[in-house]
Amino acid sequence: MLSNSDEENVADGSTRSGNARFGRREVLHGISTTVLGGVLLGGTASAETTTDRIDRYFEEFGTVVDIVEAGADDTGRESVVDVIREYRADDTLLVFPPGEYYMDEQVRFSGFENFGLVGNDATLIPADYYDFAGPQYRLFRLGVPYNPGNRLVFDGFDVDQTSPDTGIRVIETVVDDGLEVRNVTVHGEHDSGTWGPGSFAVSDPAGTGLVEAFEVPDGGAWEDETPNEGNIWRGPTGLLANSNSGTLTFRDCVVGAFPDNGLYASGGDGTIRVEGGHFSNSNAACLRIGGDGSSIRGATVVVDQNRPRDESHRGIRLERGGDIEVRDVTVRNTAPLPNSFGISVMNSCTSAWIENADVTISGDEVTNGIVTSPNCGEVVVLESRVEMHTPGGFGIEINDGDNTGRVLCEYVDFVGSVGDETAKAAVRNDRDETRLGAVTVDQSGGSQRRAVVNTGDDVTIFKGEYRASELPIIDIGDGTHVEEIYAESYGDEEAYSLYPDSANVYLKRNTLRGGIKDHGCDGLETLGNEF
């Protein structure tokens with residue numbers, strides 16, 4: 001048996017004993033009926049799929065160990081930590097047959113080459129906060145920044161955290177290349193106040209990793225409701241990847257309500273890819289993504305509850321990098337008191353592309369759909385829809401700052417019954433050179449609801465339809481070019497309003513029902529408009 005302090009030094013298996021450690025041919029014959037006997041992997045995959053995947057792992061590893069045959073208790077009564085420590089080694093796969101496996105200490109292994117753990121209807125049962133020996137943060141620490149592993153498989157485990165104070169990080173990894181974490185489901189709220197369920201990093205910039213079907217639907221408790229009160233800020237993060245250097249993909253993950261972000265994958269210099277998945281009710285942000293070339297595709301974000309301590313429920317937050325893409329996402333913020341935005345582009349985001357985003361905000365509090373921060377770079381919002389049913393709020397708020405990157409908003413629909421308590425326009429633009437192309441606004445609600453309020457210079461509004469309960473378009477910019485739009489007030493106001501701060505506005509071939517209200521624009525030009 002090895003102590004926790006020297007575990008990472010064992011790699012070649014030279015001190016192993018017993019008859020549970022087999023070469024590949026022996027293990028395929030000896031334990032295949034136990035592992036592959038038609039039991040579902042994690043309760044989610046078919047028997048055929050499970051068999052195929054485990055067969056693939058058998059072919060990849062030179063040594064396969066059935067940890068029950070090696071002496072591990074599969075009834076959940078005795079700790080299996082010592083058995084895992086004894087048999088971990090390079091080019092080794094540890095197989096957990098159907099059963100329950102109790103863990104009361106961290107297992108640490110670093111500097112490894114080709115190591116894996118795979119479960120088949122296997123449930124890990126952590127000790128509670130008070131009975132967990134040593135560092136009370138993790139079940140598995142596999143690789144560290146100064147001594148990462150290379151090629152890691154962790155697949156097919158349920159984690160039972162339904163007993164009080166048993167929340168713990170299931171796995172923390174630092175791997176140069178070949179990270180593969182799949183089919184992990186955590187049952188029960190993460191209520192011990194320790195670090196959140198998963199932390200992942202690919203340390204080689206050329207390396208890749210995959211986290212697939214990692215599910216933590218029951219979320220985590222705020223730190224002041226846990227035995228670790230005062231030792232962690234806010235509480236756990238759901239899934240964490242803030243020191244990643246390679247390309248790391250999160251596919252079809254499920255993350256519930258955590259006090260400090262749901263999926264927090266920002267801060268490293270690598271690329272994050274989110275493919276599918278469901279993310280809900282996390283404070284700060286449900287999806288917080290950064291890194292050059294990072295992307296979110298096909299994800300669903302839902303905010304439908306507010307706990308007393310929740311202060312900010314941003315759906316998607318983009319930061320720290322450029323060429324970040326968001327495509328085919330659904331964001332629903334429908335809590336009684338929505339308290340933050342659907343999509344935020346932060347100052348540290350140098351460029352972003354948002355396409356086919358379906359954002360719905362409803363409830364009793366004023367909030368906004370999409371917000372671009374003052375110093376973010378170029379942002380494109382394309383073929384998207386923002387529906388709002390709130391007392392007020394901007395469908396999109398385009399803030400002005402020192403960054404000269406353009407914001408392009410094209411083929412975007414802004415609909416819903418929105419009031420005029422504050423933030424009275426569907427589109428609020430304060431940035432120069434913004435372009436609104438083929439945008440549709442149809443918003444009633446309060447008597448002072450507007451379609452567009454513009455203060456930016458050299459703005460283009462081309463095509464599109466703009467309907468609102470009060471003034472459809474208020475323009476206080478210099479050099480605005482407006483062509484081939486339709487604008488109409490439901491309240492019998494003029495379609496286009498100009499003020500003394502407006503200048504050099506060109507209105508060409510538009511249909512402006514009710515006409516133009518000009519309070520003193522300098523240099524107004526009109527051509528071929530209909531009223």
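Hi everyone, let's start with two rings: Phe200 and Phe214 are both buried. Before I go on, please keep in mind that what you see above is a predicted model.

Those two residues also belong together as a pair. Phe200 and Phe214 form an edge-to-face aromatic pair, with 5.8 Å from centre to centre and 75° between the planes. If that wording is new to you, a pair of aromatic rings is described by how far apart the centres are and by the angle of the planes. Now look at where the two sit: Phe200 is in the loop between E12 and E13, while Phe214 is in strand E13, so the pair ties together parts that are 14 residues apart in sequence.

How many aromatic pairs does the structure hold? The count is eleven. Let me show you another one, between Tyr137 and Trp195. Their ring centres are 4.1 Å apart and their planes are at 20°, so this pair is stacked. Tyr137 comes from the loop between strand E7 (113-126) and strand E8 (138-142), and Trp195 from the loop between strand E11 (179-187) and strand E12 (198-199), so here the pair ties together parts that are 58 residues apart in sequence. Are these two buried or exposed? The answer is in between: Tyr137 is partly exposed, with a relative accessible area of 34%, and Trp195 is partly exposed too, at 31%.

Rings can also link up into groups. Phe96, Tyr101, Phe140, Phe154 and Phe157 are joined by ring pairs into a cluster. And a ring can have a charge for company: the charged end of Arg88 sits over the ring of Phe109, 5.4 Å from the ring's centre.

Let's stay with Trp195 for a moment, as it leads us to Ile232. Setting aside neighbours within four places in sequence, Ile232 is in contact with Gly193, Thr194, Trp195 and Glu223. You will find Ile232 in the loop between strand E13 (208-216) and strand E14 (239-240), and it is buried, with a relative accessible area of 15%. Ile232 and Trp222 are ten residues apart in sequence, and their C-alpha atoms are 9.4 Å apart in space.

Next, the inside of the protein. Which residues have the most contacts inside the largest nonpolar core? They are Phe140, Phe214, Phe250 and Tyr466, in a core of 112 residues. So two of our earlier names come back here: Phe214 from the edge-to-face pair and Phe140 from the ring cluster. Tyr466 has a long list of contacts beyond its neighbours within four places in sequence, including Leu436, Val439, Val441, Pro472, Ile485 and Glu488. Apart from this core lies another one, of nine residues, with Tyr57, Phe58, Phe61 and Val153 among them.

Now for some strands. Strand E15 covers residues 247-251, and four of its five residues are buried. What does E15 pair with? Five bridges join E13 to E15, and the two run parallel. Another five join E15 to strand E18 (residues 271-275), again in parallel. Follow Arg251 in E15 and you can see both sides: Glu212 has Arg251 as its bridge partner, and Arg251 also stands opposite Glu275 in E18.

On to the cysteines. A disulfide is a covalent bond between the sulfur atoms of two cysteines. How many disulfides are there here? The count comes to zero. Why does Cys253 not form one? Its sulfur is 14 Å from the closest cysteine sulfur, in Cys286, and that is too far for a bond, because the cut-off is 2.5 Å. Cys409 tells a similar story: the closest cysteine sulfur, in Cys376, is 13 Å away, too far for a bond. Cys253 is buried, at a relative accessible area of 1%, and Cys409 is buried as well, at 0%.

Finally, two backbone details. Asn261 has a phi near 75°, a positive value in a residue other than glycine. Asp492 has a positive phi too, near 60°. Where are they? Asn261 is in the loop between strand E16 (254-255) and strand E17 (263-265), and Asp492 is in the loop between strand E41 (486-489) and strand E42 (496-498). Their surroundings are a nice contrast to end on: Asn261 is buried, at 0% relative accessibility, whereas Asp492 is exposed, at 76%. Thanks for listening!

Methods: Residues are numbered from 1 along each chain as its sequence is written. This is a predicted model: local features need pLDDT of at least 70, side-chain atom pairs count only at pLDDT 80 or more; totals for chains, interfaces and linings use all residues. Side-chain values use heavy atoms; hydrogens and water are left out. Buried means under 20% relative accessible area, exposed over 50%, partly exposed in between (1.4 Å probe, protein chains only). Contact means heavy atoms within 4.5 Å. Rings of Phe, Tyr and Trp (its six-membered ring) pair if their centres lie within 6.5 Å; planes under 30 degrees apart count as stacked, over 60 as edge-to-face and the rest as tilted. A charge sits over a ring if NZ of Lys or CZ of Arg is within 6 Å of the ring centre and within 35 degrees of the ring normal. A nonpolar core is a set of buried Ala, Val, Leu, Ile, Met, Phe, Trp, Tyr and Cys residues joined through side-chain atoms within 4.5 Å. Two strands pair if DSSP finds at least two bridges between them.
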